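Here is a short briefing on a predicted model. Keep the sequence and the structure open while you read.

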Amino acid sequence: KAKQEFAIPVDDTDIHWRILSRTSNQITLYVLAVPNLITDQLVLALKSAKIKPKVVDIKPLALQRLVNKPTAVIVNLEDYSLGVIIVVNNIPLLVRTVPLESGDLTDEAKVDLLSQELNRTVKYYNESNKSNRLPEETVIHLTGELFDKTQLDARLEEGTDLGARLQTRTPYSVQYPKTPFELPENFSLSTYAVNLGLATKS
């Protein structure tokens, strides 16, 4: 069935799936195809480092698992990349990842680029799904090391909160995700959001 649905040759990919719902006559699956070249390079790097992984996942699915909301927008801001994930009915329907190759950008400038990409992605989703637009009460969840609240005062001009900066550029509410794990004091959830999402994988 995957060979009929995917626009890429599945013989050169690793196919992964997750059962979303099951009834007496229907199963709804989330199916992901990852090119072998990507996974082969990852496995080779892990072997070289003598690391034996128990599970492997992609960042959008790990973040969606951590946030664990039926409908949500997840933004991820790192030093060298930014991402936007739109989750509807527990499915990451739209995923955008943009590399940040310039080392001259300030953290504030990176948030401004993220807000632009966020607005474009949300607008594209809403215009493509006019009968199922994102509700006004949709929450944007902040992940990524640049949203690390424990380092804000040391890193930013006058202790500017990047999350608050993003909030001024979107009509949706903004918050940090919560986790079912008991974490040490001052643990940076945003920095290790992908790891925590991976830890919830069964």
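Strand β4 is covered on both of its faces. On one side, Ser 81, Gly 83, Ile 85 and Val 87 are buried. On the other side, Leu 82, Val 84, Ile 86 and Val 88 are buried too. That makes eight buried residues out of eight in β4, which spans residues 81–88.

**Neighbours of β4**

- β3 (72–77) pairs with β4 in the antiparallel sense, over six bridges.
- A hairpin of three residues links β3 to β4.
- Leu 77 has Leu 82 of β4 as its bridge partner; Leu 82 is one of the buried residues of that strand.
- Strand β5, residues 91–99, also pairs with β4 in the antiparallel sense. Here the pairing runs over eight bridges.
- Ile 86 stands opposite Leu 94 of β5. Ile 86 belongs to the buried set of β4, on the side that also holds Leu 82, Val 84 and Val 88.
- The hairpin of β4 and β5 has two residues between the strands.

**Positive phi values**

- Asn 89, in the hairpin of β4 and β5, takes a positive phi near 55°.
- Asn 68 has a positive phi as well, near 55°, and is not a glycine. Asn 68 sits in the loop between α3 and β3.
- Is Asn 68 buried or exposed? With a relative accessible area of 56%, Asn 68 is exposed, because the cut-off for exposed is over 50%.
- Lys 50 is another residue other than glycine with a positive phi, near 60°. Its place is the loop between α2 and α3.
- Lys 50 has a relative accessibility of 77%, so Lys 50 counts as exposed.

**The largest pocket**

- The volume of the largest pocket is about 610 Å³.
- Which residues lie closest to the centre of this pocket? Of the 25 lining residues, they are His 16, Val 56, Asp 57, Ile 58 and Lys 201.
- Four elements each give two or more residues to the lining: β1 (13–22), β2 (27–35), α2 (36–48) and α3 (59–67).
- Helix α2 supplies the largest share of the lining, with six residues.
- By class, the lining of the largest pocket holds 15 nonpolar residues, four polar ones and six charged ones.

**Where the topics meet**

- α2 and α3 both contribute to the pocket lining, and the loop between α2 and α3 holds the exposed Lys 50.
- α3 is followed up by the loop between α3 and β3, where Asn 68 is found.
- β3 in turn pairs with β4, the strand whose eight residues are buried.

Note on methods:
Residues numbered from 1 in each chain as written. Predicted model: local features only at pLDDT ≥ 70, side-chain atom pairs only at ≥ 80, totals over all residues. Heavy atoms only, no water. 1 Å grid on protein atoms, 1.4 Å probe; cavity = no way out; pocket = protein on both sides within 12 Å on 5 of 7 lines; lining within 4 Å. Points joined across faces, edges and corners; volume = space filled by probe spheres on them. Nonpolar A, V, L, I, M, F, W, Y, C, P; charged D, E, K, R; others polar. Buried < 20%, exposed > 50% of the residue type's maximum accessible area, 1.4 Å probe, protein only. Pairing = 2+ DSSP bridges.
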